[in-house]
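Colleague: Could you walk me through this chain? I would like to start with its domains.
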Amino acid sequence: MKAVVIRAHGGPEVLKIEEVPDPVPGPGEVVVRVRAVALNHLDLWVRRGLPGAPFHLPAITGADAAGDVHAVGAGVDDIAVGTPVLVMPGISCGHCAHCVSGADQLCARYGILGESCDGALAELVKVPRENVIAKPERLSYEDGAAMSLTFLTAWHMLVARAELRGGETVLVQAGGSGVGVAGIQIARFVGAHVIATAGSEDKRQAALDLGAHAVVDSRDPSWPKAVKELTGGRGIDVVFEHVGGETFERSLRVLAKAGRVVTCGATSGVDVKVNLRHVFFKSQSILGSTMGSKGEYHQLVALYAQGIFRPVIDRVLPLSEIQAAEAALEAREVFGKVVLVP
Ligand SMILES: [Zn+2]
């Protein structure tokens, strides 16, 4: 099969299309013929390499895929070759206490497709049987690939961790990013009042079109003041954070009493200052969140099947244009997802 192979860490130029052996499904595994695969920041992290994070090389990244079952391993008797499927990105052991209690994202052996094993930027990808679910007919392959990781992450952050309730006010940081697009829609679905930040007029308009009630300019350092004014001085109940750095410090500044900041990432810096006086006097919470469970993924797919959420795809490119695709994501030139078609 053809795959995008990374043999050395570096810029987009290290992404090379190569001919590699087809994956063969072992017991309990399936091989999916990839029809669409969406990029995430994770692809960039693995490609660049992180100090202290031993990503194996050569690597094939790609966490979000949709396709057709191409082959099944021994013991897989409940899904037929040819079935259109969505691929769940979280891989876990399946038998530890976390896995069997429905919190597989906490498994000690948890990994993400394309990070801990070969991923879906290829014509074929191999995953455990439990990592595929029938694709709802109303979702195209491109839409299915575009929704997995970001919607799962955002759902777990807002619904499971922050316990966002209808009528609360939520601030979605970087509303134009993949995870921000999901955050806006899930917060609206829950019945929250949604304010989104974005760094350009186009992205702010797109956030409004997606359902945000109000937007603020993240490039204007006085945005916390604008957010406070939008809430009548009360502040925000839940801040949806994935930016980190100085943005995180400002996220804390706009938090209401009993407010929660929930974070799944820190694209602009992991070391932040926290004013503990505000945290304890205002009974605030800082919550970490990574991915979500397979059970939550099943819930999301049921909601996709009803047309509750819509994916936002910036562009669809052939797999051969992977270098340009990752460069565009890296330059933050995109609103929503970049999808590749093998
Ligand atoms: Zn486990």
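Colleague: Which residues does the domain assignment give to domain 1 and domain 2?

Modeller: This is a predicted model. Domain 1 is written in two pieces, 2-139 + 311-341. Domain 2 is 152-288.

Colleague: How far apart do the C-alpha centres of domain 1 and domain 2 lie, and how many residues does the contact take from each?

Modeller: The C-alpha centres of the two domains lie 28 Å apart. Residues count as in contact if their C-beta atoms lie within 7 Å. The contact takes six residues from domain 1 and seven residues from domain 2.

Colleague: How do the residues on the side of domain 1 that touches domain 2 divide?

Modeller: Sort them by character. One is charged. The others are two nonpolar and three polar.

Colleague: Now the sheet. Why is one side of strand 12 and of strand 15 left without a neighbour?

Modeller: Six strands form an open sheet, in the order 12-11-10-13-14-15, with parallel pairing. Strand 12 (214-217) and strand 15 (285-288) each have a single partner strand, so one side of each has no neighbour in the sheet. Both stand at the edges.

Colleague: Which residue in strand 14 stands opposite glutamate 241?

Modeller: Strand 13 covers residues 236-241 and strand 14 covers residues 255-263. They pair in the parallel sense over five bridges. Opposite glutamate 241 stands threonine 263.

Colleague: What angle does the direction of helix 5 make with that of strand 11?

Modeller: Helix 5 (residues 201-210) packs on the sheet. It touches strand 11 (193-198) and strand 12. The angle with strand 11 is about 160°.

Technical notes
Residues numbered from 1 in each chain as written. Predicted model: local features only at pLDDT ≥ 70, side-chain atom pairs only at ≥ 80, totals over all residues. Domains from an automatic or database assignment. Contact = placed C-beta atoms within 7 Å. Nonpolar A, V, L, I, M, F, W, Y, C, P; charged D, E, K, R; others polar. Pairing = 2+ DSSP bridges. Helix = DSSP H or I, 4+ residues; strand = E, 2+ residues; numbered from the N terminus. Axes fitted to C-alpha atoms, helices over the stretch in contact; angles between N-to-C directions.
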